[in-house]
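Work through the exercises below with the sequence and the model at hand. Try each task before reading its solution.

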Amino acid sequence: MEANVTVNCVHPGIVRTRLTREREGLITDLVFFLASKLLKTIPQAAATTCYVATNPSLTNVSGKYFVDCNETAPSKRASNLKEAARLWSASEIMVSTDPKSVLALISA
């Protein structure tokens with residue numbers, strides 16, 4: 001059985017998630033108040049993910065980058081193959097459960 005899988009990247013934007021709730025206070029509240037017009041609600045941030053996951057016109061679209069429900073070009077750094085290799089190596093280290101493989105990746 002073949003899987004019908006596509007892989008895309010979505011950027012939710014800047015979201016007020018209350019992840020900073022333990023740091024809340026006058027300064028944090030002031031910064032978020034001043035930036036409130038730039039912040040998205042959680043449903044607004046989820047819209048692009050839902051759009052890419054469910055829109056029938058994107059059934060066979062893969063390897064693209066979406067912002068605000070629109071396909072767009074990623075930054076130059078995000079398209080850099082050397083940076084991609086560094087990210088892949090760092091990801092392998094972070095998820096590895098074998099200490100020997102971690103040492104091999106670090107020394108490579």
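Three exercises follow, on the sheet, the salt bridges and a surface patch.

This is a predicted model, in which local features need pLDDT of at least 70 and side-chain atom pairs count only at pLDDT 80 or more, while totals for chains, interfaces and linings use all residues. Residues are numbered from 1 along each chain as its sequence is written, and side-chain values use heavy atoms, with hydrogens and water left out.

**Exercise 1. The sheet**

Task: Give the strand order of the open sheet and state which strands stand at the edges.

Solution:
- Step 1. Strands (E, at least two residues) and helices (H or I, at least four) are DSSP runs, numbered from the N terminus. Two strands pair if DSSP finds at least two bridges between them.
- Step 2. The open sheet has three strands in the order β1-β2-β3, and its pairing is mixed.
- Step 3. β1 (9–11) and β3 (70–72) each have a single partner strand, so they stand at the edges, and one side of each has no neighbour in the sheet.
- Step 4. β1 runs parallel to β2 (residues 65–67) and is joined to it by three bridges. C9 has Y65 in β2 as its bridge partner.

**Exercise 2. Salt bridges**

Task: Find the salt-bridge partners of E83 and state how exposed R86 is.

Solution:
- Step 1. A salt bridge is a side-chain nitrogen of Lys or Arg within 4 Å of a carboxyl oxygen of Asp or Glu. The structure holds four of them.
- Step 2. One partner of E83 is R77, at 3.6 Å from N to O. E83 also forms a salt bridge with R86, where the closest N and O atoms are 3.2 Å apart.
- Step 3. Shared partners join R77, E83 and R86 into one network.
- Step 4. Buried means under 20% relative accessible area, exposed over 50%, and partly exposed in between (1.4 Å probe, protein chains only). R86 counts as exposed because its relative accessibility is 52%. R77 is exposed at 60%, and E83 is partly exposed at 25%.

**Exercise 3. A surface patch**

Task: Which residues form the nonpolar patch on the surface?

Solution:
- Step 1. Patches are made of residues with over 30% relative accessible area and no salt bridge; like charges are joined within 9 Å, and nonpolar side chains (Val, Leu, Ile, Met, Phe, Trp, Tyr) within 5 Å. Accessible areas come from the Shrake-Rupley method with a 1.4 Å probe, and for residues only the protein chains shown count as cover.
- Step 2. The patch consists of L26, I27 and V31, with about 370 Å² of accessible area together.
- Step 3. I27 is found in helix α1 (residues 26–34). With 67% relative accessibility, I27 counts as exposed.
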